[in-house]
Amino acid sequence: MRTRAAACNLCEAMCGLNITLRGDEIVDIRGADDDPFSKGHICPKAVALQDIHDDPDRLRLPVRRTSSGWQQIDWDEAFDLVASRLAGIRAQHGADAVALYLGNPVVHSLGALTHAPGFARMLGTRNRFSSNSVDVLPSQFVSYLLYGNQWLIPVPDIDRTGYFLVFGANPAASNGSVMSAPGITRRIRELRGRGGRMVLFDPRRTESARLADEHHFIRPGTDAAVMLAMVRTIVDEGLARPLPYVDGLEDFRAAIEQFTPERVAEVSGVPAETIVRIAREYAAAPSAACYGRTGVSTQRFGTLSQWAIQILNLVTGNFDRPGGVLVTQPAIDMIAGGQLSPGHYARWHSRVRGLPEFSGELPVAVLAEEILTPGEGQIRAMFTVSANPVLSTPAGHTLGRALGELDFMASVDFYINETTRHADVILPPTDLLERDHFDLFFSMFTIRDVARFTPAVLPKPDGARHDWQIIGELARRYQELLPPDERKDQPALSLTPEQILDYGLAAGQYKLSVAELRRHPHGLDLGPLRPSMPARLQTDGKRIDLAPPLLMSELQRARGELLTPRPADELLLIGRRHLRDNNSWLHNSARLVKGRPRHHLLMHPDDMKARDLAHGDLVSVRSDAGTVEVEVSASEDLMPGTASLPHGYGHALARETLSIAGTLPGASVNDLTDPHYLDHISGTAALNGVPITVTPPHVVV
Ligand SMILES: Nc1nc2c(c(=O)[nH]1)N[C@H]1C(S)=C(S)[C@@H](COP(=O)(O)OP(=O)(O)OC[C@H]3O[C@@H](n4cnc5c(=O)[nH]c(N)nc54)[C@H](O)[C@@H]3O)O[C@H]1N2
Ligand SMILES: Nc1nc2c(c(=O)[nH]1)N[C@H]1C(S)=C(S)[C@@H](COP(=O)(O)OP(=O)(O)OC[C@H]3O[C@@H](n4cnc5c(=O)[nH]c(N)nc54)[C@H](O)[C@@H]3O)O[C@H]1N2
Ligand code: SF4
Ligand SMILES: [Mo]
């Protein structure tokens, strides 16, 4: 028996692990007490690393879909087939006919992260998509406009802050996002233990609400209004302490005149006194951090919400100060190194609906229509990497139908799921324990600067390929098939991830190397977050304009809707995450799915009574985009007028290939979410706050 230091990369918390092995068999997985960052923290999902590794349903070799079912093929044949079909469709219909979708685990897989962007550039398509447009895009958009780079997103200094003000995040379930903070519940308890406060706004009394000093219900989609009213109070009461390099406060104040606490109380359900009191407390706190995640990004006013969060931090002097919010200084600084683009906006628009690109990507809400609408520029082929958009993007059922219409589809994934079942070829990478790991992406959002390199825990099986090897080889063969004038050499594709890391570490301020990190298997703590502004701003003159014209015009456009109360009898659907789920893909682990069902629609008992629904009933849930049937559970934790359904369920379509997940009950919430219901300016899908009706299934409305 031997014990190996490892890292869990299932979520953003980046927990350090100790894995005990007997030969190549996993005997035990536990939190590593000697990891300076995670200090032994672990959650129930970590054992899934073993379950994925052992899962007989996981693909080990490429498969091809044929009329008589899935057929295993060898790598050589698979690469040639995918490269020639993609290049052929490009030659016939142009580069935009091949679309690319990068799913969430790309940012968790070192090799996918180092190699997928190069292949994307090689494909040269304007039809590029990722999970960003069902996730963090509003934050990227705001950072691009305020700080000059989409990834200069400040992180709450949770270990030192005196006041943690949270909108639309549930770190007790998600373990934190754009805030890598292993052991977040402990950190929140410590915050309160040192006399700090946590105040949370969420339409559901969540697991995180139970940790907070105060939880306030808020009508979905009204956060921006509440925060703008807070800013107005702070400015009018002379409590603002803006930094010397911040401009535009006067213009901004003038634009929010109508956001009085009284008026905002009517739309949000948050009492005016509460808005004013929290604004005063926030401004008076010796240090404070305002933070909001998917609940305030994937909603109608995602960009305005994320803007208001930045403003709250900027006007109270909490931006770039210990205990406030700070930008990390990671060992590999991809912002300074230029590997991450500052961002650009509206350089082109989607063909059918005319939605603007952001930083080279179109909103995934337009993907299905770009496949289904005939004409010049129509998408005819898809390449996906670690993605399940049929379950994770709005009107996933329509997208599933669209994928069935493609001329060709290929996916890099180790499961045949609701999305990859449409692929002609699936190329499976090694699993998470068979490859080296370094959190290249999430090291940008840690609550302390840390660096940890984890060599593969288990050997790579014969004939297996890593994500980067798959993408790199495919890229090589694809490039050869292109006419010389269409080739785009991507030198990074011929490097290994380790070489890329070494280059990045040496260029970074700590002058590290992979060899040095190997000597510290549990990682290096590089210290608490440090002020670094305005030097790192990528704006003109290194100044921050609080009121950039694009956001000001969005505010102008949205003001009326934002200040109009929604109908009193309207029911709005919100999402839900559970500690033991992970988006759409850990449901094939028996250990994780056991226990009480987690897929139910939650509703307030009064709302159920008004609709004649009983606890446990199968109900019909209807939106403008679709209908699903699912069991309903009564919960006093829901704000009246809201209902909650988690995403990532509804695996019936993959019944034949996911033997455990395929037997789970539940429906996909994204058969209800609507590709036309968006955060207008960024195109991010409004997955929260979707109007629905709920009836017993036999009632026809
Ligand atoms: N266990 C687990 N962990 C995960 C994941 C997972 O699926 N499972 N997914 C990972 C990923 S990809 C991400 S991006 C992160 C997400 O991390 P979080 O954003 O922290 O995750 P959620 O639990 O979705 O929290 C969103 C909260 O917003 C609330 N909400 C909905 N609408 C509104 C609204 O209009 N206003 C306000 N104020 N609140 C609203 C919801 O009730 C919910 O509690 O989690 C990551 N970690
Ligand atoms: N209604 C609603 N919808 C949502 C959300 C919500 O809150 N509400 N949350 C959204 C968010 S924040 C996100 S990020 C998306 C996530 O949705 P997606 O981006 O679709 O990602 P996952 O569901 O995590 O799908 C992961 C796929 O990646 C594969 N995979 C895992 N690891 C690897 C790997 O290392 N390499 C490769 N090649 N494949 C791998 C898995 O087998 C699985 O098939 O969902 C979004 N959808
Ligand atoms: S919180 Fe859980 S899933 Fe996330 S990194 Fe830690 S052990 Fe893994
Ligand atoms: Mo996400």
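Ala, Val, Leu, Ile, Met, Phe, Trp, Tyr, Cys and Pro are counted here as nonpolar, Asp, Glu, Lys and Arg as charged, and the other residues, Gly among them, as polar. On this basis, in the predicted model, the shell around ligand 3 comprises nine nonpolar, two polar and one charged residues. The residues in question are Cys 8, Leu 10, Cys 11, Ala 13, Met 14, Cys 15, His 41, Ile 42, Cys 43, Lys 45, Ala 46 and Asn 175.

The domain assignment of the chain yields domain 1 (2-54), domain 2 (63-135 + 334-528) and domain 3 (564-695). The C-alpha centres of domain 2 and domain 3 are separated by 29 Å. To their contact, domain 2 contributes 29 residues and domain 3 contributes 28 residues.

Ligand 2 lies between these two domains, because domain 2 (63-135 + 334-528) and domain 3 (564-695) both supply residues to its shell. Of the 28 residues around ligand 2, those that come nearest are Asn 388, Ser 392, Asp 413, Asn 417 and Ser 584. Classified by residue type, this shell holds 11 nonpolar, 12 polar and five charged residues. An oxygen atom of ligand 2 is found 2.7 Å from a polar side-chain atom of Asn 417. Nitrogen atoms of the ligand also take part in polar contacts: one pair, with a side-chain N or O atom of Asp 467, is separated by 2.9 Å, and another, with a side-chain N or O atom of Arg 577, by 3.1 Å. Of the 920 Å² that ligand 2 exposes when taken alone, the protein buries 97%.

Ligand 1 is surrounded by 30 residues, of which Asp 202, Asp 223, Thr 294, Asp 581 and Asn 583 are the closest. Contacts with the backbone include a distance of 3.0 Å between a nitrogen atom of ligand 1 and a polar backbone atom of Phe 201, and one of 2.8 Å between an oxygen atom of the ligand and a backbone N or O atom of Gly 221. Arg 577, which has a side-chain contact with ligand 2, also places a polar side-chain atom 2.7 Å from an oxygen atom of ligand 1. Taken alone, ligand 1 exposes 920 Å², and 97% of that area is buried by the protein.

The packing of nonpolar side chains was examined next. In soluble globular proteins, nonpolar side chains tend to be buried together. The largest nonpolar core contains 154 residues, and the members that touch the most others are Phe 119, Leu 165, Met 230, Trp 307, Phe 383 and Phe 438. With residues up to four places away in sequence left out, Phe 119 touches Leu 86, Phe 383, Ile 471, Leu 474, Ala 475, Tyr 478 and Leu 493. A second core, separate from this one, is made up of 30 residues, including Val 63, Ala 99, Ala 387 and Ala 402.

Notes: Residues numbered from 1 in each chain as written. Chains lettered and ligands numbered in written order. Predicted model: local features only at pLDDT ≥ 70, side-chain atom pairs only at ≥ 80, totals over all residues. Heavy atoms only, no water. Near = heavy atom within 4 Å. Polar contact = N/O pair within 3.5 Å; in protein donor to acceptor, adjacent residues only side chain to side chain. Areas by Shrake-Rupley, 256 points an atom, 1.4 Å probe, with all protein chains shown as cover. Domains from an automatic or database assignment. Core = buried A, V, L, I, M, F, W, Y, C linked by side-chain atoms within 4.5 Å. Buried < 20%, exposed > 50% of the residue type's maximum accessible area, 1.4 Å probe, protein only. Contact = heavy atoms within 4.5 Å.
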